[in-house]
Every structure is written in C-alpha cells, then in structure tokens.
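This report describes helix packing, the chain interface and a few local backbone features. The sequence and structure come first, and the text follows.

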Amino acid sequence: MTSDGESFDSYVSAQGAALLRFAYVLTGDHHLAEDLVQEALVKAHRRWSRIDQPGAYVKKAVLRQYLSWRRRRSSAERPLDVPIEDTAGLDHAQQVADRHALRGLLATLPRQQRAVLVLRFFEDLGDEAIAGLVGCSAATVRAHASKGLSRLRRSARTVSAEYGGNP
Amino acid sequence: MNDLDNELRGAMADLAAEAPSSHDLLAAVHRRGRADRRRRLTTVVAAIAVLAVVGGASVVALVSRDPGDRREQQRLQVATPAGSSETAPPSPVDVGWLPDGFPKPSVRLLGPNAWGLDTRREEGLAALQVQIMPAEPDARTEPGTLSPVSVGGAVGSLYWVPTHAPGVPPYGNRPPEAEGPYGELIFQRRPGQWIRIIVQNSAGAVDLGITQADLVRIGTGLVDRERALPDAIRLGLLPGHVVWGQLKNQDYGVWADFVDADLPDRPVDRNEQPNGHNGSVQSQVSVAILPEDALEIAGLGQSGPPPTEDPDGDGLVEREVEPPSIPAEGKVFEQDGRRIALYRLRSNPKLVVYVVAKPSFGMADEDLLTVAASVRIGPDAAVKPAR
C-alpha cells in the first residue's frame, strides 16, 4: 500500500492504460512502450509502500528509462531517415501539415526535445513540472521546447517545399 | 496557442489512440517482476560464491524483533474455523441470459456480501461483470450520459459512453471512460440486493457489440442461483470477528482478505471494474499463497549497501536484496511497521503462505504464524510456483 492506501494492483488496473498511452506517445513504438511501462512498474512495486505519489514516480521512471534507452541506442540511430520516407508518399504540401506527417517529424526530434513536447502538449504539464520529471531546470525545458518546435517547423517547411506545397 | 501547437496535440492524441492494450499489463508486470527477481537471485548467489572462494563469505542475519518490544496484545484469538474459499459465502445470484459469445462467468468475491460474475469475449471484444452488493452503489454521471431505465419494473440508471478513440474529448485521460466504450446499469433487484452490470473494452474505437437493451436484458434475466467461489485457498484458523472480504485468484498469487465482521453494508467500490480488482475492502487480515520469488516476499529480504552508481543510467538506483530465509517453522518479518508471517506451503515448498494484519488489529507474531501454518492450497488455485 502507498501512504494513501492504494494497492499496487489497483493502481495498475486504474492507470495502466494511461501509462501505456503516455509511453507510446513518447516512443511511437508498441513494444518499447510496453517494455518501459512494465519495467517502471516492476521498480515501483519493489518499493510501493514507500512511494507517496505513485503517479509521478512511475511516470518519471518511464521517462527516465526512455531517455536512458535512447542514449544507449543513439549511436546506431539515423532518425532523419524515417519521416522523410514516411512523408514521401504524400501527394502535396498540405498533407505535410497533417497529423500523420507531424507524427513522423516528431520522431526525428532528439529525445529530450520530444519528451518535453510530449509532457507539454500531451500531458499538459507546465515547465516547472516538466523540469522535475526530466531532471533539468525550467529554463532548459523552455530551451528544449523552443528548439523542438523550431525544428518541427523547419522540417515541415523543407518537406513541404520538396513536394510543392505552401509552408 | 498557434497552429503547430494544435497540430501537435492532435497528432499526439492520434498516437495515443493506437497505444497498446492494458488488458494483460498487471499479469505481465507480475511475471516480469518474478523473472527479474530470479535474475537478481542468480547474481547474488554468484556474488556470494565468489566471496566464499576468496575466504570471506558474509552471512547477513535477518533482523528479528526484540521480544520485549511487544505490541499491544491482540484482542482476538486465533480460533474460528474458516474453511476454504469454496465454502465462503456463495454468490446468491447467477446470470440467466448473456449475449452471444460470452462463456459462463467466473465468480469473484468483491467485498463482504458482494460478488462479481465475470466473463469476456474476444470476438466483439468486451469484458462484462455483474456485481451483486448489499447497498446502493454510486452511479457515474459524466463524461458519459446517465438516464433512467426500467429493469423488470424497477427503476434503474443506465450510464453510457459510446465507442470512441482513447483519450479523445470529452472522455479525457481518466479510466474507464477514456479507454473506450463503457456501459453501466444499476438497479435494486430486491431489498438489500443491488446490481451493477458493467460492460466495457479498453480497445478504444472498437464497438462492444452490446446495446443498452442487452444490458437491461442481462439485468432482468438474473436468477436466484448460488455460485460458489473457486476452491483456491483453505484456511484452518483465523482470528475471530472477521469475515471474508475479498478473494483474488491469479497466476501471481491467491489472496484472501478478511474484514471486520461489524463493517456496515456498503456498495462495491466504484473503481471495481471487469478488468481486475480495483476496489479496496479495508481488510484487517490478508492471507496469500505466493510463489517464493514473488516481489512481496523478495521485498522482505535484507537490503545490501546503497549502490554507488546507476548502472541503468535511468536515475533510479536499486539496492540488491538478499532473499529472506524462511525456516521450516516459518518466520515473522517487519516491513514499514507491519508484521508479516511467511511459511512455506508443505505441499509445495516453492509456494509461500504470506499473512499480514493491520498493526491496529493487534495480532501477535505467534498468531500470524499459526494462521499461516493452517493454510492449504485448493485445487482451483491459479497461482503458479516459481520455476
């Protein structure tokens, strides 16, 4: 039981789907999302009785593992390959702006920028709360968000111009 | 908010709608925890072997409580024969009609004098639970729609969330509504007997294939027919003045929770859902049969020194834990102010009986052990021993 008496099983039953959604938006990968959530929950289970706020704890664990996983994989990744291929099949620039293309572009962002944008736009968290989860200052959060958004705009314009649409 | 912000929110909502299902998550976490535990044990055994080779094996004794540090003497005696879960109060109600594809429901104990009849189908994915309880439950009111309905002449309430993608407005991020279609019918079947029928799936935009009229038909079709609980755990002894509160029969453990016999009638927790035990029953004593490498047991081991580095690089450092030693006569451990008795099951030493009581309940260590020693596993138990 946590300090508020919630059992681990109850927590997982109630919040598991939301955690998987968060992890999937973060990673864009089914297997990785399941892996991150399960691993975070196993860690949380070991110390459940000492966790006051399981929601924040587990989310932080998912996030930290995502950042860590990406660090370990980063040397082998060529992230820019994926979205261009994804968007290459689109007929015109307008489609570049649509959500599907944006999902592809989102996948090209460096891990911290993507994490910050997911926390801001999917979880609706403020900069201070994001800073606490990511483990950096609020100013750094703003910098990551700014760079991430700029990069998305640039990528969208590049792809848009390549396929003849308006940015 | 500019266009890119809006597009990002929309793109992320689209992604969320494709997230993996949480249906098997809890069982997967328990399985993974056990596998992780086995891996850690292997590491610890190897480390001890290395230490022994260099001539310095260290043995860490588990801390036992000072005999003078007695808590308040228990106010209850271990005396009342409790029987098995099969002889616990049976559900007084059974289903008479179900939509096509649903197999015969299993029976769960959700609370004192409260049961759940659970069934699910994969084609037309839906989980269905009929809850029987002694008091009127709270009805959900939003973000779905709540409307009155006649159920065999009784006035009931029907709450309905249509098929929708997960996380889309107005269904937000709060389960169960956020995860997909959801229906809930509540009515009083007879004095002192309330029914809540829940049907749902967590697959998002996948239709239930069940109508509101179907829910009402399930309600009117209920029959007075006893359904026994599975014979999963048998207890020879229990403290007096407690009654069955909850039974959970899973592959990661069989849990029997007992509550104060004077607990007033109350409805099943609103969070109790077909996908798992979500409700709390204010148990005074819990008795479980667990695999020996279950996390609940591993957590009673002796922690090593704090790690000096974070090998995973995830910011969450872990101490290695030496597994608890459980002698033949059982042993009582302390964790966060609670006393927990462990006792190896005689019929299968890879399974461990785990007994814990609320500190305020005042059970002595000897009583915890006596209860643990009286436990036997039933033929219907779903728990799987450690490999």
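Are α1(A) and α7(A) oblique or parallel to each other? The model is a predicted one. In it, helix α1 of chain A, residues 8-27, packs with helix α7 of chain A, residues 111-121, at an angle of about 140°, and their axes are 9 Å apart. α1(A) and α7(A) are therefore oblique to each other. The crossing in which α1(A) passes α7(A) is right-handed. On the α1(A) side, the contact is made by F22(A), Y24(A), V25(A), L26(A) and T27(A); on the α7(A) side, by R114(A), A115(A), V118(A) and L119(A). Sorted by class, this contact of α1(A) with α7(A) has seven nonpolar, one polar and one charged residues.

**Other partners of α7(A)**

α7(A) also packs with helix α8 of chain A, residues 127-134, at an angle of about 135° and with the axes 10 Å apart. That angle makes α7(A) oblique to α8(A). The crossing of this pair, α7(A) and α8(A), is right-handed. From α7(A), the residues in contact are V116(A), L119(A) and R120(A), and from α8(A) they are D127(A), I130(A), L133(A) and V134(A). The contact of α7(A) with α8(A) has five nonpolar, no polar and two charged residues.

Across the chains, the axes of α7(A) and helix α1 of chain B, residues 3-17, come within 10 Å and cross at roughly 90°. α7(A) and α1(B) are therefore roughly perpendicular to each other. Here α7(A) contributes R114(A), L117(A), V118(A), R120(A) and F121(A), while α1(B) contributes D5(B), L8(B), R9(B), M12(B) and L15(B). By class, the contact of α7(A) with α1(B) has six nonpolar, no polar and four charged residues.

The table lists the residue classes of these contacts.

| Helix pair | Nonpolar | Polar | Charged |
|---|---|---|---|
| α1(A) with α7(A) | seven residues | one residue | one residue |
| α7(A) with α8(A) | five residues | no residues | two residues |
| α7(A) with α1(B) | six residues | no residues | four residues |

**The loop after α7(A)**

D124(A) sits in the loop between α7 and α8 of chain A. Its phi is near 55°, a positive value in a residue other than glycine.

**Interface of chains A and B**

The size of an interface is often given as the accessible area lost when the parts come together. How much area is buried between chain B and chain A? The value is about 4,700 Å², and carbon and sulfur atoms give 58% of the area. The contact takes 51 residues from chain A and 47 residues from chain B. Five salt bridges are found across the interface of chain B and chain A. R103(A) forms a salt bridge with E18(B), and the closest N and O atoms of this pair are 2.8 Å apart.

**Salt bridges and a cis peptide in chain B**

Over all chains, the structure holds 21 salt bridges. R108(B) forms a salt bridge with D118(B), with the closest N and O atoms 2.9 Å apart. R108(B) lies in strand β4 of chain B, residues 106-111, and D118(B) in strand β5 of chain B, residues 114-121, so the pair ties together parts that are 10 residues apart in sequence.

Which residues of chain B does a cis peptide bond join? The bond is between E142(B) and P143(B), with omega about 5°. P143(B) is found in the loop between β6 (126-133) and β7 (145-151) of chain B.

Terms used:
Residues numbered from 1 in each chain as written. Chains lettered and ligands numbered in written order. Predicted model: local features only at pLDDT ≥ 70, side-chain atom pairs only at ≥ 80, totals over all residues. Heavy atoms only, no water. Axes fitted to C-alpha atoms, helices over the stretch in contact; angles between N-to-C directions. Helix = DSSP H or I, 4+ residues; strand = E, 2+ residues; numbered from the N terminus. Parallel < 35°, antiparallel > 145°, perpendicular 65-115°, else oblique. Left-handed = near helix turned anticlockwise from the far one by under 90°. Contact = heavy atoms within 4.5 Å. Nonpolar A, V, L, I, M, F, W, Y, C, P; charged D, E, K, R; others polar. Buried area = accessible area lost by both parts, 1.4 Å probe. Salt bridge = Lys/Arg side-chain N within 4 Å of Asp/Glu carboxyl O.
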